[in-house]
Amino acid sequence: MSSSADVAQERRAPARASFDGLRLENLTKSFGAFTAVDDLDLDVPRGSFFALLGPSGCGKTTTLRMVAGLETPTSGGITLAGQDITYAKPYKRPVNTVFQNYALFPHLDIYENVAFGLKRRKAGNVDAQVKEMLSLVELDSQTRKRPAQLSGGQQQRVALARALINKPEVLLLDEPLGALDLKLRRNMQIELKRIQTEVGLTFIHVTHDQEEAMTMADTVAVMNAGVIEQMGAPEELYENPRTTFVANFLGQSNLIEGTIKGRSGDLVTVDMHGIDVSVPAARSHADGDKGWIGIRPEKVLIGDPGEQLDAPGNSVPGGVVSDVSFVGVSTQYLVRMPWGQELQVFAQNTGHRRIYRSGEQVDLSWRPDYAFLLDASQDARAGAQEGTD
Ligand SMILES: Nc1ncnc2c1ncn2[C@@H]1O[C@H](COP(=O)(O)OP(=O)(O)OP(=O)(O)O)[C@@H](O)[C@H]1O
Ligand SMILES: [Mg+2]
């Protein structure tokens, strides 16, 4: 392809307007002097399972409420399949919402709860559609029970069936699993994913649980203080975070201060407290000459002093084990380094290696490919406590 064809392709980019998914453009919502959603740009492809992930108060519900038409944006726009719906009435939008508290009608049985929307619209073929939905959410045998006679997970599925039967273009799910205990929640995550794949609708799932977002979604947008910090496939966000907030909120990260010495080819060399380590250029997001070297705890190998752990590796000698937690599948260590910082190391309990004890001398090592480098101007603790549920 010639470059002029590429240019022509780019010029045609305003045909972005024909994007058939949900698009938020410069979307802002202020409550008085407080900006809850700040100039948000977001494209949600049609048919995708999209997660909006962020700590409490970051603006997730406010964003969903604007999409549903329950909140008027202060500025910016919302389009769905090219149609401007920014100011459309909620019931005119092909959008349905499932809330955390289900909001089922207590006096109606399950069948009538699911049939409600269709009957109100005087739709035809109600019985067949209700039965199809109840079978999709695997509640065919419970149709004559009232909501109070169902478990939390079953009520959740009724709420889902009641929303899906309207065949919305977009289904908004605002912490729909928040009221469930952990085991049921894990089951429902798999169920929801199955149902989404089966119906093929666009799901936007709001959660502050990073594991939930990563398990379920094709694309995760990490939101912080009204803005999207980073968006991408779960693996991409986890392996190559661009900010300290994303590095800490999505899983855990060791962030170590370093001074950039130089770049050659695909590698950046960084002085880490007197030790040269390398980071791939594609994972380097630092602007100045300082940066935070990031490495995930499960990527760090632990061994005896002087032991060749892996090659090629960033080898870091001089550690002392300061804490050991045995958690079954792995052993989680804290290792105090010569510069005073404690690093986290998660070692799989394969049985091939012995478990170190507190006070033992160890060396650490990790593959340069797994490291990342973040801008030093950010707080290394950003998002650290909020990610753990
Ligand atoms: N009607 C309102 N008036 C004033 N402030 C509001 C209003 N609605 C939301 N806010 C504020 O906007 C911010 C974002 O709220 P939002 O409900 O969108 O957060 P969230 O990300 O959904 O949080 P959570 O995970 O706790 O549900 C919060 O600081 C909240 O106090
Ligand atoms: Mg909320």
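# Briefing on a predicted structure: a mixed sheet, a ligand shell and selected residues

Two bridges join strand E14 to strand E21 (residues 372–375), and these two strands run parallel. They belong to an open sheet of six strands with mixed pairing. The model is predicted. The points below take up this sheet, then the surroundings of ligand 1, and finally three individual residues.

**The six-strand sheet**

- The order of the strands in the sheet is E13-E12-E11-E15-E21-E14.
- Strand E13 (275–280) and strand E14 (284–285) stand at the edges; each has a single partner strand, so one side of each is left without a neighbour in the sheet.
- In the pairing of E14 with E21, which is parallel, His 285 stands opposite Leu 374 in E21.
- Strand E15 (residues 290–295) is joined to E21 by four bridges, and this pair runs antiparallel.
- Trp 292 also stands opposite Leu 374 in E21. Leu 374 therefore has His 285 opposite it and Trp 292 opposite it, and the order of the sheet places E21 between E15 and E14.
- As a general rule, the side chains in a regular strand alternate between the two faces of the sheet.

**The surroundings of ligand 1**

- The residues around ligand 1 are Phe 31, Phe 34, Ala 36, Pro 55, Ser 56, Gly 57, Cys 58, Gly 59, Lys 60, Thr 61, Thr 62 and Glu 175.
- By class, this shell is made up of five nonpolar, five polar and two charged residues.
- Three consecutive residues place a backbone N or O atom beside an oxygen atom of ligand 1: the distance is 2.7 Å for Gly 57, 3.2 Å for Cys 58 and 3.0 Å for Gly 59.
- On its own, ligand 1 has 640 Å² of accessible area, and the protein covers 59% of that area.
- Strand E2 (34–44) and helix H2 (60–68) are the elements that give two or more residues to the shell.
- Helix H2 provides the largest share, three residues.

**Pro 234, a buried residue in a helix**

- Pro 234 is located in helix H8 (residues 234–239).
- Its relative accessible area is 8%; because buried means under 20%, Pro 234 counts as buried.
- Leaving aside residues up to four places away in sequence, Pro 234 touches Met 214, Ala 217, Asp 218 and Val 220.
- Pro 234 and Met 272 are 38 residues apart in sequence, and their C-alpha atoms are 28 Å apart in space.

**Two residues with a positive phi**

- Most residues other than glycine have a negative phi.
- Asp 39 has a phi near 55°, a positive value in a residue other than glycine.
- Asp 39 lies in strand E2, one of the elements that contribute to the shell around ligand 1.
- The relative accessibility of Asp 39 is 44%, and the residue therefore counts as partly exposed.
- Asn 125 likewise has a positive phi, near 60°, and is a residue other than glycine.
- Asn 125 is found in the loop between helix H3 (110–120) and helix H4 (126–136).
- The relative accessibility of Asn 125 is 58%, so this residue counts as exposed.

Note on methods. Residues are numbered from 1 along each chain as its sequence is written. Chains are lettered from A and ligands numbered from 1 in the order in which they are written. This is a predicted model: local features need pLDDT of at least 70, side-chain atom pairs count only at pLDDT 80 or more; totals for chains, interfaces and linings use all residues. Side-chain values use heavy atoms; hydrogens and water are left out. Two strands pair if DSSP finds at least two bridges between them. A residue is near a molecule or strand if one of its heavy atoms lies within 4 Å of it. A polar contact is a pair of N or O atoms within 3.5 Å; within protein, one must be able to donate a hydrogen and the other to accept it, and residues adjacent in sequence count only if both atoms are side-chain atoms. Accessible areas come from the Shrake-Rupley method with a 1.4 Å probe; for residues, only the protein chains shown count as cover. Ala, Val, Leu, Ile, Met, Phe, Trp, Tyr, Cys and Pro count as nonpolar, Asp, Glu, Lys and Arg as charged, and the others, Gly among them, as polar. Buried means under 20% relative accessible area, exposed over 50%, partly exposed in between (1.4 Å probe, protein chains only). Contact means heavy atoms within 4.5 Å.
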